Amino acid sequence: ADTVLEVRDLCIDYGVGAGAVRAVTDATLTLRRGEVLGLAGESGSGKSTLAYGLTRLLRAPGVISGGEVLFHNRPQSSAFGAAPNEVVSAGTEIVDLLGADMAKLREIRWSQLAVVFQSAMHALNPVARIDAQLTDVLKAHRRQMSPTERRERAVELLRMVGISADRLRSYPHELSGGMRQRVMIAMALALEPQLVIMDEPTTALDVVTQREILEELMQLRERLGFAIIFITHDLSLLIELADSIAIMYAGRIVERAGADELFHAPRHPYSLGLLNSFPALHGDRVRMEGIPGSPPSLTALPGGCAFHPRCPYAMDRCRTETPQLVRPVSDPVRTGGEDRVAACWLQDGLQEPPAPLHREA
Ligand code: ATP
Ligand code: MG
């Protein structure tokens, strides 16, 4: 009942007709209010395409070729500075994002559903000071605020993301990559959205900064109550901080599970491979094995399960039949929340060794 976003069988292509390639196939997700969903997978697996598609920010030649995206819009009174239980919720309106007209999209985007882009550098206006960029957002969407109120709100927002008052007059190029990312987050939160999608520039930010930023975002979520979709290559970060995780491979979500479940009992060999590719942040030293080979080109996807050429568990069936996302037979049926699902013919084979992580003494 407390759903904020539903994505059903979303398909996204680049190009049309004979030259089209499918970059996202049948993506299905449900996000609850306040939930942090991590989206992980190797480069090119379709994470950004999925995020841009479901928010209708996809650019040509990207086209949505099927599916449904429902945003459960629940406009709320200002949560800013108020405890979450003071938030008065009005009725929930279900908005079909794929069918919505531009006026509706403009109303929803940014104010209810904010996206922090993969390249923060390009999303900020290079010739405007950061305080002005924030007050401009407020000016456009909160006409009833006085200039003084806008100014105070801008300072408060920047303070919330750890940018001190002496930086307010800076231009984007005077800030580090991490600081620019924080400014982007402040802008995304300015209108108190119900959902924030953050496409992490893993290549641009170092691991420590990335971690700090996600941790800050999580603290703000505690206070403001928004849900987060966080996109990253770094599965270990998600294991620690996300509530649930979706793993993508070659445009498909191949496994969805709670962060703990995924860590302790991955059901898809690709998830297991990703877990083995990262050193654990805490505890014993971990051997990094990675996954042999590289992801397929979208123009030459292997038949059956696209992961089969790299899969140590591949069986005959995997080469010809594409597995759908199903609940592994040994996993309990959930009463509340979503079932965990995996798209693998092996299903429960991963309960046996090899363990998710090989720990060294
Ligand atoms: P990364 O981790 O590197 O950001 P990603 O998981 O976000 O990767 P996407 O950027 O969504 O992956 O790309 C998914 C697939 O779509 C890739 O194979 C990519 O080459 C292809 N693709 C992305 N943009 C376009 C485009 N404009 N035209 C054609 N193909 C594209
Ligand atoms: Mg991306």
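# A walk from the ligand shell outward

The residues of the shell around ligand 1 divide into 4 nonpolar, 8 polar and 1 charged. This is a predicted model. In total, 13 residues surround ligand 1. The closest are Tyr14, Ser43, Lys47, Ser48 and Thr49. Which helix gives the most to this shell? Helix H1, residues 47-54, does, with 3 residues.

Stay with H1 for a moment. The helix is mostly covered, with 8 of its 8 residues buried. They start with Lys47, Ser48 and Thr49. Leu50, Ala51, Tyr52, Gly53 and Leu54 are buried too. Lys47, Ser48 and Thr49 are thus named twice: they are buried residues of H1, and they are among the closest to ligand 1. Just after H1, Arg56 takes a positive phi of about 60°. A little further along comes Pro61, in the loop between H1 and strand E4 (62-73). The peptide bond that joins Ala60 and Pro61 is cis, with omega at about 10°.

Now step back to the whole chain. The protein chain has 11 helices and 11 strands. It holds 361 residues, and 39% of them count as buried. Take the contacts with a separation of 6 or more: residues 24 or more positions apart account for 65% of them.

The chain is divided into two parts: domain 1 covers 3-242 and domain 2 covers 248-351. How many residues does each domain bring to the contact? Domain 1 brings 24 residues and domain 2 brings 19 residues. On the side of domain 1 that touches domain 2, three elements give two or more residues: strand E2 (21-32), strand E3 (36-40) and helix H8 (235-241). E2 gives the most to that side, with 9 residues. The residues on that side of domain 1 divide into 10 nonpolar, 8 polar and 6 charged.

E3 leads on to a sheet. This open sheet has 7 strands, in the order E6-E7-E8-E3-E9-E10-E11, and the pairing is mixed. Which strands stand at the edges? They are strand E6 (113-116) and strand E11 (341-342). Each has a single partner strand, so one side of each is left without a neighbour in the sheet.

Further in lies E8, residues 227-232, a strand that is mostly covered, with 6 of its 6 residues buried. Ala227, Ile229 and Ile231 point one way from E8. Ile228, Phe230 and Thr232 point the other way, and all are buried. E8 pairs with E3 in the parallel sense over 5 bridges. One of the residues to trace here is Ala40, whose bridge partner in E8 is Thr232. Strand E7, residues 195-199, also runs parallel to E8, joined by 5 bridges. In E8, Ile228 is the bridge partner of Val196, and Ile229 is the bridge partner of Ile197.

Helix H6, residues 177-189, offers a check on geometry. At 1.5 Å a residue, its 13 residues should span 18 Å; its end C-alpha atoms are 18 Å apart, which agrees. H6 is mostly covered as well, with 11 of its 13 residues buried. Among them are Met179, Arg180, Gln181 and Arg182. The buried residues of H6 also include Met184, Ile185 and Leu189.

Some loops deserve a stop. Trp110 is found in the loop between helix H2 (102-108) and E6. Its phi is near 75°, a positive value in a residue other than glycine. Is Trp110 buried or partly exposed? Trp110 counts as partly exposed, because it has 18 C-beta neighbours inside 10 Å, and a buried residue needs 20 or more.

Ala250 sits in the loop between strand E9 (244-249) and strand E10 (252-258). Phi of Ala250 is near 50°, again a positive value in a residue other than glycine. With 24 C-beta neighbours inside 10 Å, Ala250 counts as buried.

The last stop is Cys305, in the loop between helix H10 (269-277) and helix H11 (316-320). Why does Cys305 count as buried? Because 28 C-beta neighbours lie inside 10 Å. Leaving aside residues up to four places away in sequence, Cys305 touches Cys318, Thr322 and Pro323. Cys305 and Gln324 are 19 residues apart in sequence, and 9.3 Å apart in space from C-alpha to C-alpha.

Technical notes:
Residues numbered from 1 in each chain as written. Chains lettered and ligands numbered in written order. Predicted model: local features only at pLDDT ≥ 70, side-chain atom pairs only at ≥ 80, totals over all residues. Near = placed C-beta within 6 Å. Helix = DSSP H or I, 4+ residues; strand = E, 2+ residues; numbered from the N terminus. Nonpolar A, V, L, I, M, F, W, Y, C, P; charged D, E, K, R; others polar. Domains from an automatic or database assignment. Contact = placed C-beta atoms within 7 Å. Buried ≥ 20, exposed ≤ 12 C-beta atoms within 10 Å, placed from the backbone. Pairing = 2+ DSSP bridges. Expected span 1.5 Å × (residues − 1).
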